[in-house]
Amino acid sequence: MSHLQNLLLDTLLGTKHVDSAALIKLQERSLCVASPGFSVMPSDVRTLVNGFAKNPLKTRREGLYFKEKDYKCVRADDYSLYAKNENTGVIVVKTHLYLLVATYSEGMYPSVCVEAAEKLGDYLRRKGN
């Protein structure tokens, strides 16, 4: 298991409030690592990358279509996208090299998912990733 996958498992899934997680390489627009059983299709990668590429206000207005669900965007800025669909959600944090994706499901605390994803994003940015 790679160092990056260990980071995802320990710092995100270890909270028990992150259902699945992945790192997407920004330059290549491809999946780098993901938690077991979590696949991110190329169309989902494009959606997430484009969410940061276009005006954050537009992303916030339009929402996100991710993993065959429409998500209402509740935060969109230069470094973070938060979106929800009923009792599930997706948190995306941009670093220099990656998009960090964390999802939560019913029964999990979104605030814990957000905090864990943002802290890992900060760590990766400090490391130059």
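Leaving aside neighbours within four places in sequence, F52 is in contact with D77, D78, Y79, S80, L81, V92, K94 and L99 in this predicted model. F52 belongs to helix α2, which runs over residues 42-53. Its relative accessible area is 13%, and since buried means under 20%, F52 counts as buried. One of its contacts, L99, is 47 residues away along the chain, yet the C-alpha atoms of F52 and L99 are separated by 9.7 Å.

L48 lies in the same helix, α2. With a relative accessible area of 0%, L48 is buried. Beyond four places in sequence, L48 is in contact with I24, L64, F66, L81, V92, L99 and V101. L81, V92 and L99 also appear among the contacts of F52. A residue that is not among these contacts is G14: G14 and L48 are 34 residues apart along the chain, and their C-alpha atoms are separated by 24 Å.

The helix that carries F52 and L48 can now be taken as a whole. The buried residues in α2 include D44, V45, L48, V49, G51 and F52. They cover an arc of only 150° around the axis, and therefore sit on the same side of α2. An α-helix has 3.6 residues a turn, so residues three or four places apart point the same way. The face of α2 turned away from the buried side carries P42 and A53, which are exposed. The length of α2 also fits: at 1.5 Å a residue, its 12 residues should span 16 Å, and the end C-alpha atoms are 16 Å apart, so the two values agree.

Another helix, α4, covers residues 110-126. R125 is found in α4. R125 is a buried residue, because its relative accessible area is 18% and the cut-off for buried is under 20%. Not counting residues up to four places away in sequence, R125 touches Y79, V93, K94, T95, H96 and E118. Of these, Y79 and K94 are also contacts of F52.

Helix α4 also packs with helix α1, residues 3-12. The axes of α1 and α4 come within 10 Å and cross at roughly 145°. This crossing is right-handed. On the α1 side, H3, L4, L7, L8, T11 and L12 take part, and they meet A116, A117, L120, Y123 and L124 in α4. The residues of this contact between α1 and α4 divide into 9 nonpolar and 2 polar, with no charged residue.

Key: Residues are numbered from 1 along each chain as its sequence is written. This is a predicted model: local features need pLDDT of at least 70, side-chain atom pairs count only at pLDDT 80 or more; totals for chains, interfaces and linings use all residues. Side-chain values use heavy atoms; hydrogens and water are left out. Axes are lines fitted to C-alpha atoms, for helices over the stretch in contact, and angles run from 0 to 180 degrees between N-to-C directions. Helices (H or I, at least four residues) and strands (E, at least two) are DSSP runs, numbered from the N terminus. A crossing is left-handed if the near helix is turned anticlockwise from the far one by less than a right angle, and right-handed if clockwise. Contact means heavy atoms within 4.5 Å. Ala, Val, Leu, Ile, Met, Phe, Trp, Tyr, Cys and Pro count as nonpolar, Asp, Glu, Lys and Arg as charged, and the others, Gly among them, as polar. Buried means under 20% relative accessible area, exposed over 50%, partly exposed in between (1.4 Å probe, protein chains only). The expected span of a helix is 1.5 Å times one less than its number of residues. The arc is that of the directions from the helix axis to the C-beta atoms.
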